[in-house]
Amino acid sequence: MKYEVFSKLDKDELKDIWLKCFSKETQRSSDWYFNGRFNEGRIVGYRLNGRIVTNLHLQKYDMQIRGQSVKTEWIVGAATLPEYRNKDLMANLLQDSLQDMKERGITATWLYPFKYSFYKKFGWAISTTAKRYVLDKPSFNGIERASGEVVRLKGSKDAEDYIGDIKECYAGYTGELTGYVLRHDTNWKHLLDGNNELNGLTLLFLDKGKVTGYLIALPDKERLLVEEAVFEEYSVFVSMMDYIWSKGFERASVLMKPNDMFMELMQEARSKVYLEPYAMMRIVDVIHFFEGITPSCDIDIAFELKDVHANWNDGSYRLTAKRGERSSLRRTDESGLQKLDIAALAQIICGSVSASDLQKLGLLDWDNNSVGQMDCAFPRQTSFVFEIF
């Protein structure tokens, strides 16, 4: 079956599938997506008997991977009508979408899975973990507050006087990370306007007129879902949360990067902290992907790569690079090489695990010298991403 690239003429039918397949979606949130990001994405899928039965949306993002900008596409809204499920339609579409991305020069793709085990079968790997706090007002007892004021924004128009400071906060917060979105003006506009359209809270903390933190959250019944909290000092975060408590919210679920340390300041033992899998990543075109990757030290290593769902990646390779220079991955005729799975390679490059971590887990069987080279060239890093769409 040949996949089809859908157009704006299919918008109503695609939106209907979205609402039928995603139980948590509301008319308001689907309106926001289909009136905005939908128009920028590439939607592929299958049509049977004149009816769209399965589809997925590809949205462009520039991602930072080990200090380099990589052009990627995120898969969102992957859905099959209930009566057409269990027929391998989505499995086939995922493979078709990989071919489609490769032909258009996309080297890597991300998604948030409905089920991790499903996407693992097709070469995706967990690239990002997140620390999630479930907090209430007593959680903040005895913690220092910052001196300044909290300002609420309603969309990108309200943010015009502050956007430079907001970008600076984001850059500072992500400076130690890998695997995050390099936001452009359009990304900021979508984020701020979308949160406002969904009746969310966008807060800034101002210290003598300068933004030293911001918070983006959506209400969910009696609690608040804080999906982005960026700040220079924890006292700023605490002060922004005080504003939330003052608006009548009793609990908040707060997403943080996996190495966040706020737990050490918490006074209330009943507060809960979870470390959860978050985003998944897949390498689409391994040779061109490595053209944008810079290792931390010299490397010269050969391996046999296995990728059963993107067979253009299958084969034997030699990876070479000097520290601080772009790497080179070339095919080789060498035989008897150590084996590597495409998902394991993605995790190593993203920094979520190291080669030695995979060795300990029994997911890699290499000699110590090769593992040491990979650990030096691609050490574990903190990988984190905020974006939803």
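Okay, so the second largest pocket: its volume comes out at about 220 Å³. Keep in mind that this is a predicted model. The lining is made of 14 residues, and the ones closest to the pocket centre are T129, G351, S352, R380 and Q381. If you sort the lining by class, you get 8 polar residues, 4 nonpolar and 2 charged.

Now, from an open space to a closed one. How many cavities of 30 Å³ or more turn up in the whole structure? The search finds 1. The largest cavity has a volume of about 30 Å³. Around that cavity you'll find I166, W188, L192, T202, L204, Y214 and I216. The elements that put two or more residues into that lining are α6, residues 185-197, plus strands β11 and β12. Class-wise, the cavity lining has 6 nonpolar residues, 1 polar and no charged ones.

Those two strands bring me to the sheet. We've got 7 strands in an open sheet, and reading across, the order is β8-β11-β12-β13-β14-β7-β15, with mixed pairing. What stands at the edges? That would be β8, at 149-153, and β15, at 272-277; each has a single partner strand, so one side of each is left without a neighbour in the sheet. From one strand to the next, the twist averages 25°.

Let me zoom in on one pair in there. Strand β12, residues 210-220, and strand β13, residues 223-231, run antiparallel to each other and pair over 8 bridges. If you want a spot to click on, take L218: its bridge partner in β13 is L225.

Then there's a helix packed on this sheet, α5, residues 163-174. Helix α5 touches β8, β11, β12, β13 and β14. As for how α5 is oriented, its direction makes about 85° with that of β12. And one of the cavity-lining residues I listed, I166, has a number that falls in the α5 range of 163-174.

Last stop, the cysteines. The count comes to 1 disulfide. Which residues form the disulfide? C297 and C376 do, and their sulfur atoms are 2.1 Å apart. The two cysteines are 79 residues apart, and the bond links distant parts of the chain. C297 is in the loop between α8, at 286-290, and β17, at 299-306. C376 sits in helix α11, which covers residues 368-377.

That's my tour; over to you.

Technical notes
Residues are numbered from 1 along each chain as its sequence is written. This is a predicted model: local features need pLDDT of at least 70, side-chain atom pairs count only at pLDDT 80 or more; totals for chains, interfaces and linings use all residues. Side-chain values use heavy atoms; hydrogens and water are left out. Two strands pair if DSSP finds at least two bridges between them. Helices (H or I, at least four residues) and strands (E, at least two) are DSSP runs, numbered from the N terminus. Axes are lines fitted to C-alpha atoms, for helices over the stretch in contact, and angles run from 0 to 180 degrees between N-to-C directions. Contact means heavy atoms within 4.5 Å. On a 1 Å grid over the protein atoms alone, a cavity is a set of points where a 1.4 Å probe fits but cannot get out, and a pocket is an open set with protein on both sides within 12 Å along at least five of seven lines; lining residues have an atom within 4 Å of a point. Grid points are joined across faces, edges and corners, and a volume is the space filled by probe spheres set on the points. Ala, Val, Leu, Ile, Met, Phe, Trp, Tyr, Cys and Pro count as nonpolar, Asp, Glu, Lys and Arg as charged, and the others, Gly among them, as polar. A disulfide is a pair of cysteine sulfur atoms within 2.5 Å.
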